[in-house]
Amino acid sequence: MKSYTHVVVDPLGIHARPAAQIAQACVNFRSSITITCGEHNANGNNVLQILGLHAVKGSTLLITAEGDDEEAAIEAISRMLKEKAAQKKPVGILKIAFFGAKDYDHIFFNELAKDKGEGTYNCDIKYFSTRLTPETAALAKGYDAVCIFVNDECPRAALETLKECGVRLVLLRCAGFNNVDIAAAREFGITVLRVPAYSPYAVAEHAMAIIQAANRRLNKAVNKVRDNNFALSGLLGVDLHNKVAGIVGTGKIGQCMARICKGFGMTVIGWDAYPNQALVDEGLLTYVSKDELFAKSDLISLHAPLIMGDGGTYHLINKAAIDKMKDTVMLVNTARGGLIDTEDLISALKEGKFHAVALDVYEGEDSNVYTDHSADAMMNDITARLQMFPQLILTSHQAFFTREALQAIAATTMENARNFNEGNPYGMAEVK
């Protein structure tokens with residue numbers, strides 16, 4: 001066990017920004033990290049618990065780390081606590097219109113936005129439950145920025161209204177940006193910033209969870225037991241051990257999924273427009289062509305960005321691709337719905353293709369995402385048709401939905417807002 005004692009010197013104490021930075025740093029270490037202030041303890045990777053310490057100027061913090069990287073963890077945290085946040089210029093408060101707000105958004109963003117002054121995020125947030133669309137964009141009048149998510153719509157018409165409202169910044173609290181007309185944003189002088197990565201583990205773990213649920217027919221099994229039916233008919237699955245996993249897109253999430261598959265004893269092959277030789281050298285996977293991946297894989301997991309146009313990934317999985325696959329293949333998509341041609345998928349399912357399909361995203365999901373239709377008739381034709389198939393499982397765009405991911409999204413989004421407000425570099429967050 002390693003420990004470090006720190007006396008808080010910041011006039012604001014351990015406020016939102018250092019708390020978020022500490023928590024995000026701790027997530028990257030395997031060691032168990034605890035921060036103690038008086039009688040209160042906090043897990044180092046939990047920003048809300050760190051803020052709950054109420055560490056003011058003069059408070060003494062005891063940071064302890066226990067694990068195989070404990071020394072590196074203590075060194076990183078101590079260095080972070082000693083650093084003073086640099087502010088390049090005096091700034092005003094950045095006013096943000098936050099669209100599509102949910103209860104869980106309030107929990108994290110409220111805590112990070114409440115402090116004002118040098119070294120803080122210096123933001124005021126107004127929450128709107130409605131999505132951003134060309135029709136609702138006028139709600140942003142008088143705000144400097146809008147904050148949007150994957151199910152918001154930011155085409156040219158919306159951006160034109162945002163410009164008229166005085167908006168200078170679009171903050172995406174997600175990695176994807178296909179819902180924003182980037183060319184129009186550039187034309188109107190509106191900066192677009194995103195969250196390049198939050199928790200690749202969350203998405204990859206969900207991908208494996210739902211494809212195994214589909215493989216072992218867990219939704220059907222649970223319902224049968226609830227009906228006092230313990231027969232095994234209709235529940236036959238397959239082993240993943242010694243099967244071939246095909247990873248489409250080998251960025252951070254794809255790499256996590258590859259490691260999970262490797263842990264199941266699978267042979268991993270991959271395809272990426274920009275192969276990463278380090279993954280081959282490590283022995284994690286072997287790169288093959290798309291056609292070879294489709295033909296050889298027993299499990300195909302999609303982690304590629306959605307890119308429109310010639311040479312892009314839109315409808316990467318279509319009839320031609322499906323025809324190359326084994327009849328018993330398993331397919332999981334936690335990336336973007338447009339990677340799969342839904343009509344071609346449904347046609348193949350009707351013909352008995354696929355042992356299992358698991359979709360956290362799908363083309364035509366927009367009217368469903370993050371809304372409660374439990375009291376309504378099922379009006380979405382695509383959703384109803386997909387749910388006809390016993391080997392298919394749908395979840396509601398929730399692969400990202402873990403505490404660690406929400407914390408990272410909030411912290412990175414607020415850091416992006418601060419960088420814009422203070423004229424700091426954007427790094428990988430900027431969408432050009």
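In helix 5 (residues 156-164), the buried residues are Ala 158, Leu 159, Thr 161 and Leu 162. They span an arc of only 160° around the axis, so they sit on the same side of helix 5. The model described here is a predicted one.

## Two helices and their buried faces

What lies over the buried residues of helix 5? The cover includes strand 7 (145-148), strand 8 (169-172) and helix 6 (182-187). After helix 5 comes Gly 166, which has a positive phi near 95°.

Now take helix 4 (residues 103-113). Its buried residues are Asp 105, Phe 108, Phe 109, Leu 112 and Ala 113. Viewed down the axis of helix 4, these residues fall within an arc of 125°, so they line one face of the helix. A general rule helps here. An α-helix has 3.6 residues a turn, so residues three or four places apart point the same way. The cover over the buried residues of helix 4 includes helix 1 (16-27), helix 2 (47-51) and helix 15 (403-422). Strand 5 (94-98) and strand 6 (123-127) are also among the covering elements.

## Aromatic rings

How many aromatic pairs are there? The count comes to 7 aromatic pairs. Two of them share Phe 128, and the table lists both.

| Pair | Geometry | Centre to centre | Angle between planes |
|---|---|---|---|
| Phe 99 and Phe 128 | stacked | 5.4 Å | 25° |
| Phe 128 and Tyr 143 | edge-to-face | 6.4 Å | 80° |

Where do the rings of the stacked pair sit? Phe 99 is in the loop between strand 5 and helix 4, while Phe 128 is in the loop between strand 6 and strand 7. The pair therefore ties together parts that are 29 residues apart in sequence. Phe 99 has a relative accessibility of 0%, so it counts as buried. Phe 128 has 13% relative accessibility and counts as buried.

The edge-to-face pair is placed in another way. Phe 128 and Tyr 143 each lie in the loop between strand 6 and strand 7. Their pairing ties together parts that are 15 residues apart in sequence. Is Tyr 143 buried or exposed? Tyr 143 is buried, at a relative accessible area of 18%. The cut-off for buried is under 20%.

Phe 128 has a charged partner as well. The charged end of Lys 126 sits over the ring of Phe 128, 5.9 Å from the ring centre. Elsewhere, Tyr 104, Phe 149, Phe 400 and Phe 401 make up one aromatic cluster.

## Arg 173, a buried charged residue

Arg 173 belongs to the loop between strand 8 and helix 6. Its relative accessible area is 2%, so Arg 173 is buried. Which residues does Arg 173 touch, beyond those up to four places away in sequence? The list includes Phe 98, Phe 99, Gly 100, Ala 101, Asp 105 and Phe 109. Also among the contacts are Cys 147, Ile 148, Phe 149, Val 195, Ile 409 and Thr 413.

Several of these names have come up already. Phe 99 is in the stacked pair. Asp 105 and Phe 109 are buried residues of helix 4. Phe 149 is part of the aromatic cluster.

Arg 173 also has a polar partner. A polar atom of its side chain lies 3.0 Å from the backbone oxygen of Cys 147. Along the chain, Arg 173 and Asn 416 are 243 residues apart. Their C-alpha atoms are separated by 9.9 Å.

## Strands and sheets

Strand 2 (residues 32-37) and strand 3 (residues 40-43) run antiparallel and are joined by 4 bridges. One bridge pairs Thr 36 with Asn 41 in strand 3. The two strands form a hairpin with 2 residues between them. In the turn, Gly 38 has a positive phi of about 65°.

Ser 59 lies in the loop between helix 2 and strand 4 (60-66). Ser 59 is buried, at 13% relative accessibility. Outside its neighbours within four places in sequence, Ser 59 contacts His 6, Val 7, Val 8 and Cys 37.

Another part of the model holds an open sheet of 7 strands with parallel pairing. What is the order of the strands? It runs 12-11-10-13-14-15-16. Strand 12 (286-287) and strand 16 (392-394) are the edge strands, and each pairs on one side only. Within this sheet, strand 10 (residues 244-248) and strand 11 (residues 267-271) run parallel, joined by 5 bridges. Val 244 stands opposite Thr 267 in strand 11.

Key:
Residues are numbered from 1 along each chain as its sequence is written. This is a predicted model: local features need pLDDT of at least 70, side-chain atom pairs count only at pLDDT 80 or more; totals for chains, interfaces and linings use all residues. Side-chain values use heavy atoms; hydrogens and water are left out. Buried means under 20% relative accessible area, exposed over 50%, partly exposed in between (1.4 Å probe, protein chains only). The arc is that of the directions from the helix axis to the C-beta atoms. Contact means heavy atoms within 4.5 Å. Rings of Phe, Tyr and Trp (its six-membered ring) pair if their centres lie within 6.5 Å; planes under 30 degrees apart count as stacked, over 60 as edge-to-face and the rest as tilted. A charge sits over a ring if NZ of Lys or CZ of Arg is within 6 Å of the ring centre and within 35 degrees of the ring normal. A polar contact is a pair of N or O atoms within 3.5 Å; within protein, one must be able to donate a hydrogen and the other to accept it, and residues adjacent in sequence count only if both atoms are side-chain atoms. Two strands pair if DSSP finds at least two bridges between them.
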